[in-house]
Structure formats: C-alpha cells, structure tokens
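This report concerns the annotated positions and the ligand surroundings of one protein model. The sequence and structure are shown first.

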Amino acid sequence: MIVTPTKLESCVLIEPRVFQDDRGFFLETYNANRYREAGVPLTFVQDNHSCSKLHTLRGLHYQIDRPQGKLVWAIRGEILDVAVDIRRSSPTFGQWYSVILSSENRRQLYVPPGFAHGFCALSEGTEIIYKCTDVYSPAGERTIAWNDPTLAIEWPVETPLLSPKDSEGVLFADAELFD
Ligand SMILES: Cc1cn([C@H]2C[C@H](O)[C@@H](COP(=O)(O)OP(=O)(O)O[C@H]3O[C@@H](C)C(=O)[C@@H](O)[C@H]3O)O2)c(=O)[nH]c1=O
C-alpha cells in the first residue's frame, strides 16, 4: 500500500494494494499492524456506512467529548472528502485538506481525532464506509458551517443537499474547539 502524508499533521492518505484476478479483486481495507506503521495508531470501535444522493454535503462534524479518528473510503461512486484541523495547539490549526475518494481509486483518508470532517457526494447513491476510533456520542456532536468564510473550503457545489442540522452549523470563530 502507498501512504502519503497530507499537509495536515497526522492526516494521511492511503492507497491499499488491490489484487486483481479473473474473479474480480481483493484488498485489505484495514490491517492493524500495517495501518499502525502508516500512522494510524488507534483502535477502531465503530464502523459506519452511509449512502448519499448526488450533491449531498454532510459536515463539518466532530464530537467534542469523544473525538473520533476516522478512516474513510468510498465503495460506490465518489466524494470530495474534507478534513479540517481544529486543534489549537497544532501547527496546521485552521487548515483544511480535500481529496477525491472513489470506488475507482480505492483511496482512504485517515482523519485524526481533533479534526472536523465533511464530504460532498459527487455521484448519485454514493456509499462510503468509515471506521471510528470512538463511539457515537449525540450529546457531544458539533457542526461547523460547511461554508464558513474563514475556512473558505472549496466545495464543488454552491447549493448542496443538507440536513437541517448541517444548515445550522456554527461559524468556525464561534465553535468550541480542541486545545
Ligand atoms: C453519526 C451517527 C448517526 N447516527 C444516527 C443519528 C441520526 O438519526 C442518523 C443520521 O445522523 P447524521 O445526520 O448525524 O449523519 P451524518 O450527517 O452522516 O453524520 C456523519 O457525517 C460525517 C461527515 C461524519 O464525519 C460522521 O462522523 C457523522 O457525523 O443516524 C447514529 O445512530 N450513530 C452515529 O454514529
């Protein structure tokens, strides 16, 4: 597998080795030993699977009480996946990184704990899987506005399909962040 650091501290892009043969393909989507060496140090305790209509945007999400590291990949269609470093002590605090994850390129993005995460679906019925290093905590959920002017994330659509919660995200400047 190929591991590429991103410009954000501890956030890495992984391209698993894909084995093709007459029957189809095989790949390891997670292997504790190799992913630890790649800079994915924590144990995962929850797996999520979501399906999104074209131009759905989910995010920017994080849990303030139980920060989650997330290993994200697409199994159908493609997304623009976005990680935002919201750790005040980090050298890359306030910076974002985006990458296309698709069922074609098989890339995985590791978004560490202490980051906000979001994505935009670039195809109809886009399905993603992500492993999380901590469990869901509804009371600790926080949402930063996807179109926050300070972060100025370059999204591929101007009027995405949003949940009511994501329509009311708070400004980055007003958000409760990590030390
Ligand atoms: C995230 C989550 C949601 N749910 C429930 C709550 C709700 O009724 C329904 C849909 O939840 P949401 O609208 O929050 O789903 P969604 O907008 O897809 O939330 C996700 O967005 C991406 C960007 C992330 O990074 C994830 O961590 C998560 O926050 O699923 C769980 O039961 N467990 C979970 O872990």
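In the unreviewed UniProt entry, the annotation "active site" covers H61 and Y130. These positions are spread over 70 residues of sequence, yet they cluster in space, with a largest C-alpha distance of 13.6 Å. The model discussed here is predicted.

H61 has its place in strand β6, whereas Y130 belongs to strand β12, residues 126-132. H61 counts as buried because 20 other C-beta atoms lie within 10 Å, and a residue is buried if 20 or more do so. Y130 is likewise buried, with 25 C-beta neighbours inside 10 Å. P67, located in the loop between β6 and β7 (70-76), has 18 such neighbours inside 10 Å and therefore counts as partly exposed.

The table gives contacts, leaving aside neighbours within four places in sequence.

| Residue | C-beta neighbours inside 10 Å | Contacts |
|---|---|---|
| H61 | 20 C-beta atoms | A116, H117, G118, E141, T143 |
| Y130 | 25 C-beta atoms | N48, K70, L71, V72 |
| P67 | 18 C-beta atoms | Y62, P113, G114, D134, F178 |

The C-alpha atoms of P67 and C132 are 9.4 Å apart, although 65 residues separate them along the chain.

The shell around the ligand consists of N48, S50, R58, G59, H61, K70, H117, G118, F119, Y136, S163 and K165. By class, the shell divides into seven polar, three charged and two nonpolar residues. Strands β5 (46-52), β6 (57-63) and β11 (115-121) each contribute at least two residues to the shell. H61 is thus both a position under the "active site" annotation and a member of the ligand shell.

How values were computed: Residues are numbered from 1 along each chain as its sequence is written. This is a predicted model: local features need pLDDT of at least 70, side-chain atom pairs count only at pLDDT 80 or more; totals for chains, interfaces and linings use all residues. A residue is near a molecule or strand if its C-beta atom, placed from the backbone, lies within 6 Å of it. Helices (H or I, at least four residues) and strands (E, at least two) are DSSP runs, numbered from the N terminus. Ala, Val, Leu, Ile, Met, Phe, Trp, Tyr, Cys and Pro count as nonpolar, Asp, Glu, Lys and Arg as charged, and the others, Gly among them, as polar. A residue is buried if 20 or more other C-beta atoms lie within 10 Å of its own, exposed if 12 or fewer, and partly exposed in between; C-beta atoms are placed from the backbone. Two residues are in contact if their C-beta atoms, placed from the backbone, lie within 7 Å. UniProt positions are given in the numbering used here, feature names are shortened, and annotations may be inferred rather than shown by experiment.
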